[in-house]
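Student: I am new to this structure and would like a close look at a single part of it. Could you choose one residue and work outward from there, step by step?

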Amino acid sequence: MYLGRVVGCVWATVKHPAMVGQRMLVIQPLTPELQSTGKRLVCLDCTGAGAGEIIYYARGKEASFPFLPAEPPADATVVGIVDTLHVQRAPKAAASRNPVHKKARK
Amino acid sequence: MLIARVIGDLVATQKHASHEGRKILLVQPLNLDGSDRGDAVVAFDAVDAGVGDRVLLVTEGFSAMTAVGRPQSPIDMAVIGFIDGIDLIPGVE
């Protein structure tokens, strides 16, 4: 899944019958530091997320599973609203922790 | 599967019912030299991983759902193991 923020919503009158009644949101992907990253996309919604909320969304076939037995042809769905994030990135110097061991040439 | 490091976790009250009772981790995919590979992602935990652990990450729905034990659930990423070490043959960068 990926982090994102709700930045808008989409209406469509004519759409696939399985998508009738589903909300569609415009999502801006975010980094854990809540900076925007990448391009915006349209997601279905199974949580009732509102404008400005931080959410996480699933991509791929799994995006249609919240709506079973209906199978809307969606490739991204908001599946949770984030309450809190705890981020503890190691300092850059610690990037050498657990290094890759290259075998010495014999 | 990807090599990744657990950098945090996430709390969500309002979420899909099949996500309840499972830890949600923030995971940063890594290159072989330990540098960041793209943006961090949200993954479910199948092995009780914690912050700072270097782990194995699956990024495909079926494997993630199977690992977490929630079939037909909207889960597309899961942490499925701890990495103890990586050996590369000489000359591979």
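Tutor: Let us begin with Arg5(B), which lies in strand β1 of chain B, and keep in mind throughout that this is a predicted model. Is Arg5(B) buried or exposed? Arg5(B) counts as buried because it has 26 C-beta neighbours inside 10 Å, whereas 20 or more are enough for a residue to be called buried.

Some of the surroundings of Arg5(B) come from other parts of the chain. Leaving aside residues up to four places away in sequence, Arg5(B) touches Gln28(B), Leu30(B) and Arg54(B). Pro29(B) is 24 residues from Arg5(B) along the chain, and yet the C-alpha atoms of these two residues are separated by 6.4 Å.

From the residue we can move to its strand and to the strands beside it. β1(B) runs antiparallel to strand β4 of chain B, residues 54-58, and four bridges join the two; within this pairing, Ala4(B) stands opposite Val55(B) of β4(B). β4(B) in turn is joined by four bridges to strand β5 of chain B, residues 78-82, and these two strands also run antiparallel, with Leu56(B) standing opposite Gly81(B) of β5(B).

The strand that holds Arg5(B) also pairs with a strand of the other chain, since β1(B), residues 2-11, and β6(A) are paired in the antiparallel sense over four bridges. In that pairing, the partner of His86(A) in β1(B) is Asp9(B).

This brings us to the contact between the chains, to which chain A gives 41 residues and chain B gives 37 residues. On the side of chain A that touches chain B, at least two residues are supplied by each of β1 (2-10), β4 (54-59), β5 (76-81), β6 (84-87) and β7 (101-102) of chain A. The residues on that side of chain A divide into 20 nonpolar, 13 polar and eight charged.

Finally, a word on confidence. Where pLDDT is low, predicted coordinates should not be read in detail. The mean pLDDT of chain B is 90, and 98% of its residues reach 70 or more. Among the elements of chain B, β4(B), the strand joined to β1(B) by four bridges, has the highest mean pLDDT, at 94, while strand β6 of chain B, residues 87-88, has the lowest, at 84. For the model, the scores are ipTM 0.82 and pTM 0.82.

Terms used. Residues are numbered from 1 along each chain as its sequence is written. Chains are lettered from A and ligands numbered from 1 in the order in which they are written. This is a predicted model: local features need pLDDT of at least 70, side-chain atom pairs count only at pLDDT 80 or more; totals for chains, interfaces and linings use all residues. Two residues are in contact if their C-beta atoms, placed from the backbone, lie within 7 Å. Ala, Val, Leu, Ile, Met, Phe, Trp, Tyr, Cys and Pro count as nonpolar, Asp, Glu, Lys and Arg as charged, and the others, Gly among them, as polar. Two strands pair if DSSP finds at least two bridges between them. pLDDT is the predictor's confidence in each residue, from 0 to 100. A residue is buried if 20 or more other C-beta atoms lie within 10 Å of its own, exposed if 12 or fewer, and partly exposed in between; C-beta atoms are placed from the backbone.
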